[in-house]
Amino acid sequence: MRNVLCQTLVEYSNNPNFIFLTGDLGYNALEPLRDVRRGQGRRYSLRTVIVTALMAMVCGCDDAEAMELWGKPNAVWLASFLDMPHGPPTQDVFLRVFATL
(Lines give C-alpha, C1' and ligand atoms only; values in the text may rest on other atoms or scores of the structure.)
Protein backbone atom coordinates (compact mmCIF):
# COMPACT_ATOMS: atom_id res chain seq x y z
CA MET A 1 0.00 0.00 0.00
CA ARG A 2 2.80 2.44 0.87
CA ASN A 3 4.52 1.86 -2.46
CA VAL A 4 1.28 2.63 -4.29
CA LEU A 5 0.79 5.77 -2.21
CA CYS A 6 4.36 6.89 -2.81
CA GLN A 7 4.07 6.26 -6.57
CA THR A 8 0.79 8.18 -6.64
CA LEU A 9 2.47 11.08 -4.88
CA VAL A 10 5.20 11.16 -7.52
CA GLU A 11 2.64 10.98 -10.34
CA TYR A 12 0.55 13.80 -8.87
CA SER A 13 3.64 15.96 -8.46
CA ASN A 14 3.90 16.13 -12.25
CA ASN A 15 0.43 17.68 -12.39
CA PRO A 16 0.53 21.51 -12.67
CA ASN A 17 -2.12 21.72 -9.94
CA PHE A 18 0.01 19.76 -7.45
CA ILE A 19 -0.05 21.57 -4.11
CA PHE A 20 0.50 18.79 -1.56
CA LEU A 21 2.63 20.61 1.02
CA THR A 22 4.47 22.46 -1.72
CA GLY A 23 2.03 25.13 -2.83
CA ASP A 24 0.25 27.84 -0.89
CA LEU A 25 -1.92 25.40 1.05
CA GLY A 26 1.01 23.41 2.41
CA TYR A 27 3.31 26.34 3.08
CA ASN A 28 0.56 28.25 4.84
CA ALA A 29 -0.01 25.25 7.10
CA LEU A 30 3.68 25.41 8.08
CA GLU A 31 3.60 29.16 8.77
CA PRO A 32 3.01 28.84 12.56
CA LEU A 33 6.29 26.90 12.94
CA ARG A 34 9.11 29.23 13.94
CA ASP A 35 12.62 28.40 12.83
CA VAL A 36 14.70 28.96 15.97
CA ARG A 37 17.93 27.62 14.51
CA ARG A 38 20.95 29.93 14.36
CA GLY A 39 21.61 31.53 10.99
CA GLN A 40 25.16 30.23 10.88
CA GLY A 41 25.33 26.76 9.42
CA ARG A 42 21.69 26.68 8.33
CA ARG A 43 21.81 24.96 4.94
CA TYR A 44 18.13 24.03 4.54
CA SER A 45 14.97 26.01 5.03
CA LEU A 46 12.61 24.73 7.71
CA ARG A 47 9.99 24.11 5.02
CA THR A 48 12.37 21.96 2.98
CA VAL A 49 13.19 19.80 5.99
CA ILE A 50 9.57 19.44 7.15
CA VAL A 51 8.13 18.74 3.69
CA THR A 52 10.86 16.19 2.92
CA ALA A 53 10.25 14.48 6.27
CA LEU A 54 6.49 14.37 5.77
CA MET A 55 6.80 12.91 2.29
CA ALA A 56 9.31 10.33 3.52
CA MET A 57 6.94 9.35 6.35
CA VAL A 58 4.07 8.95 3.88
CA CYS A 59 6.34 6.54 2.00
CA GLY A 60 7.02 4.48 5.12
CA CYS A 61 10.06 6.07 6.77
CA ASP A 62 9.89 6.07 10.55
CA ASP A 63 13.23 7.57 11.62
CA ALA A 64 15.75 10.19 10.51
CA GLU A 65 18.10 7.67 8.94
CA ALA A 66 15.32 6.24 6.79
CA MET A 67 14.32 9.77 5.75
CA GLU A 68 17.86 10.48 4.61
CA LEU A 69 18.01 7.19 2.70
CA TRP A 70 14.63 7.94 1.09
CA GLY A 71 15.76 11.44 0.10
CA LYS A 72 18.84 10.33 -1.84
CA PRO A 73 17.11 8.47 -4.70
CA ASN A 74 14.31 11.07 -4.74
CA ALA A 75 16.59 14.12 -4.69
CA VAL A 76 16.02 15.20 -8.29
CA TRP A 77 12.27 14.99 -7.88
CA LEU A 78 12.33 16.83 -4.52
CA ALA A 79 14.57 19.56 -5.94
CA SER A 80 11.96 20.22 -8.63
CA PHE A 81 9.74 21.90 -6.01
CA LEU A 82 11.92 22.39 -2.90
CA ASP A 83 15.01 24.52 -2.40
CA MET A 84 17.81 21.96 -1.95
CA PRO A 85 21.13 23.42 -3.17
CA HIS A 86 23.06 20.89 -1.04
CA GLY A 87 21.02 17.81 -1.94
CA PRO A 88 18.47 16.24 0.38
CA PRO A 89 18.73 16.80 4.14
CA THR A 90 20.81 14.33 6.13
CA GLN A 91 19.70 12.51 9.25
CA ASP A 92 21.65 15.00 11.37
CA VAL A 93 19.64 17.85 9.86
CA PHE A 94 16.35 16.06 10.54
CA LEU A 95 17.37 15.31 14.13
CA ARG A 96 18.49 18.88 14.83
CA VAL A 97 15.32 20.37 13.37
CA PHE A 98 13.05 17.94 15.22
CA ALA A 99 14.89 18.68 18.47
CA THR A 100 14.19 22.40 18.08
CA LEU A 101 10.49 21.93 17.34
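Glu-68 is buried in this predicted model, because its relative accessible area of 15% falls under the 20% limit. The residue sits in helix α4, which runs over residues 64-71. Once its neighbours within four places in sequence are set aside, Glu-68 touches Pro-89, Thr-90, Gln-91 and Phe-94. Among these partners, Gln-91 marks the start of helix α6, residues 91-100.

Helix α6 also holds Phe-98. With a relative accessible area of 35%, Phe-98 is partly exposed, since that value lies between the limits of 20% and 50%. Beyond its neighbours within four places in sequence, Phe-98 is in contact with Ile-50, Ala-53 and Met-67. One of these partners, Ala-53, is 45 residues away along the chain, yet the C-alpha atoms of the pair are separated by 10.0 Å. Met-67 belongs to the stretch 64-71 that forms α4, while Ile-50 and Ala-53 fall within helix α3, residues 46-58.

Helix α3 itself rewards a simple check of its length. Its 13 residues, at 1.5 Å a residue, should span 18 Å, and the end C-alpha atoms are 18 Å apart, so expectation and model agree. The buried residues of α3 are Leu-46, Thr-48, Val-49, Ile-50, Val-51, Thr-52, Ala-53, Met-55 and Ala-56. Both Ile-50 and Ala-53 are thus buried and in contact with Phe-98. These two positions can be read alongside a general feature of helices: residues three or four places apart point the same way, because an α-helix has 3.6 residues a turn. After α3 comes Gly-60, with a positive phi near 105°.

Notes
Residues are numbered from 1 along each chain as its sequence is written. This is a predicted model: local features need pLDDT of at least 70, side-chain atom pairs count only at pLDDT 80 or more; totals for chains, interfaces and linings use all residues. Side-chain values use heavy atoms; hydrogens and water are left out. Helices (H or I, at least four residues) and strands (E, at least two) are DSSP runs, numbered from the N terminus. Buried means under 20% relative accessible area, exposed over 50%, partly exposed in between (1.4 Å probe, protein chains only). Contact means heavy atoms within 4.5 Å. The expected span of a helix is 1.5 Å times one less than its number of residues.
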